[in-house]
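This report walks through one protein chain and the ligand placed with it. Please keep the sequence and the model in view while reading.

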Amino acid sequence: MNKIENKMEKVVSLAKRRGFIFPGSEIYGGLAGTWDYGPLGVELKNNIKNLWWKKFVTDREDMFGVDAAIIMNGRVWEASGHVSGFADPLVEDLKTHSRYRADHVLEEAGIDCSGLSPEDMNKIIQEKGIKSPAGNPLGEVQKFNMMFKTNVGANSDAASVSYLRPETAGGIFVNFKNVVDSLHPKLPFGIGQIGKAFRNEIAPRDFIFRSREFEQMEIEYFVKPDGWQEAFEKWRVAMLEWCNDIGLPAENVYEKEIADEDRAHYSKRTIDIEFDYPFGRKELYGLAYRTNYDLSKHQEYSKQSLEYFDEETGQKFVPHVVEPSLGVDRSVLAVLTSAYCEDEVGGETRVFLKLVPKLAPIKMAVFPLLKNRPEIIEKAKAVYGDLKKTFGNVAFDESGNIGKRYRRQDEVGTPFCVTIDFDTIGAGEDASLTDTVTVRERDSGTQTRIALADLKNYLQEKLA
Ligand code: GAP
């Protein structure tokens, strides 16, 4: 990770200033734990999601996609164990009544919370006399359920209770039978989904790292009971490969085996993929072996058979599942913080986002060298229109000197700037340069003269 002072503050400021990410409901003073993606942010996020979907769904023969409802029958979350068990430890400042995550308070006091139950945390707080961040005594540690509860329809009785999904996985498990009945896939196969998840986090923090509304890209990969180790290993490798695809340096990506007592209730093995964020090494993604826990529970609660019939052996069983779970927003944050670079050009600091070209929100920018030369403007507009048809998100900028225009594009990670000058329109000194343009590369600043006829192929190859 490139060492830059106050990198997090700089990334948050750039994200706001250049239209990547804004605080949610900002003109009303905001809403903690919510963020809005702006014009460039939504492009970056969509590029990440599209790359994932292509790599893990459409490019494979053993994968199927779904897009399930966010609000599901409340029984789904009773069956999955989320209603009873999806909780974080909460502790209250007895004076101010502010509420904190107990493990965060303990970690601030230098105590490792791995494997600690709320009761253990309570004991340590009382024994060591640990105070709240405001310096006041703390109450008993309690379990706080993180699901957002709502009522569906005009009634507000027990039967109308539902929840905003806390993980997209639920929508996959309840559609397992639908996918099997309609497409008849053979094991092993997976179902992938990208979508919103909601958690009423006690302490949302670190920009988009921990929010109350976020997106996940999840796969439930169904296997025979004895096939999970092989699938787990393949997905572990695939997840590391994905980190490389989105430009995360391998030396900043780690695997952490999660101890029995720290795993989610449904998991028999979990590896977290961690990443060096500017605020420390934290979870980026998770890979879990969920056994046949979820399908068995949904079978029990829904009274529908979720067994799979193996034609080869004639056996019926509830498939087991390996789950690679990737947070979209944590991917965006990892990508932004590792891409953020500074160097010096002409005695001034240059900020640039070294994004993998495929992920860049703006693929290229077209500049007419001068604003007051109609022939140059006309040619630049024609080139811009043509490139836009092929590459989609292309910028046109005619204001300020070329250096300033480069800086503006560098800051948002645009990999290429195409300049139309006197030579392009045949008004330069060298007639052989007619109908050529300069293509300047973001990271190196190198400029190459390319014939207009070759421009699209040249850029296409560079963007591949
Ligand atoms: N279906 C499994 C599951 O949801 P998880 O570890 O709770 O497991 C998976 O979440 C991923 O979702 C995390 O690795 C992270 O990338 C993302 N994630 C979880 N909580 C988040 C939050 N509050 N804000 C942003 N991303 C979050």
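A residue is taken to be near the ligand if one of its heavy atoms lies within 4 Å of it. In this predicted model, 19 residues surround the ligand, and the closest are E167, R199, E218, E283 and L284.

Some polar atoms around the ligand can be listed with their distances.

| Residue and atom | Ligand atom | Distance |
|---|---|---|
| E201, polar side-chain atom | nitrogen | 2.8 Å |
| E323, polar side-chain atom | nitrogen | 2.9 Å |
| G327, polar backbone atom | oxygen | 3.1 Å |

E201 and E323 each face a nitrogen atom of the ligand through a polar side-chain atom, whereas G327 contributes a polar backbone atom opposite a ligand oxygen.

Turning to the chain as a whole, the protein has 14 helices and 24 strands, and its C-alpha trace spans about 80 × 65 × 50 Å along the principal axes. Buried residues account for 50% of the 464 residues in the chain. When contacts between residues at least 6 apart in sequence are considered, 65% of them join residues at least 24 apart.

Which residues touch the most other members of the largest nonpolar core? They are F20, W235 and W242, in a core that holds 66 residues. Helix α9, which covers residues 228–245, gives the most to this core, with 8 residues. Leaving aside residues up to four places away in sequence, W242 touches I48, L51, W52, K55, F56, M217, Y285 and L326. As a general background, nonpolar side chains tend to be buried together in soluble globular proteins.

Strand β23, made of residues 436–441, offers a second view of burial: 6 of its 6 residues are buried, so the strand is largely enclosed by the rest of the structure. In a regular strand the side chains alternate between the two faces of the sheet. Both faces of β23 are covered, since T436, T438 and R440 on one side are buried, as are V437, V439 and E441 on the other.

The pairing of β23 can be followed on either hand. With strand β22 (residues 416–420) it pairs in the antiparallel sense over 4 bridges, and within that pairing R440 of β23 is the bridge partner of C417. With strand β24 (residues 447–451) the pairing of β23 is again antiparallel, over 5 bridges, and here T436 stands opposite A451. Strands β23 and β24 form a hairpin with 5 residues between them, and in its turn G445 has a positive phi of about 75°.

Two open sheets of 3 strands complete the description. One has the order β6-β5-β7 with antiparallel pairing, and its edge strands are β6 (99–101) and β7 (142–145), each of which pairs on one side only. Neighbouring strands of this sheet are turned by 50° against each other on average, with direction ignored. Strand β5 (residues 87–92) is joined to β6 by 3 bridges in an antiparallel arrangement, where V91 stands opposite Y100 of β6.

The other open sheet has the order β4-β9-β8, also with antiparallel pairing. Its edge strands are β4 (71–72) and β8 (149–151), and each of these pairs on one side only. Strand β8 is connected to β9 (residues 161–164) by 3 bridges, the two running antiparallel, and K149 has Y163 in β9 as its bridge partner.

Note on methods. Residues are numbered from 1 along each chain as its sequence is written. This is a predicted model: local features need pLDDT of at least 70, side-chain atom pairs count only at pLDDT 80 or more; totals for chains, interfaces and linings use all residues. Side-chain values use heavy atoms; hydrogens and water are left out. Buried means under 20% relative accessible area, exposed over 50%, partly exposed in between (1.4 Å probe, protein chains only). Two strands pair if DSSP finds at least two bridges between them. A nonpolar core is a set of buried Ala, Val, Leu, Ile, Met, Phe, Trp, Tyr and Cys residues joined through side-chain atoms within 4.5 Å. Contact means heavy atoms within 4.5 Å. Axes are lines fitted to C-alpha atoms, for helices over the stretch in contact, and angles run from 0 to 180 degrees between N-to-C directions. A polar contact is a pair of N or O atoms within 3.5 Å; within protein, one must be able to donate a hydrogen and the other to accept it, and residues adjacent in sequence count only if both atoms are side-chain atoms.
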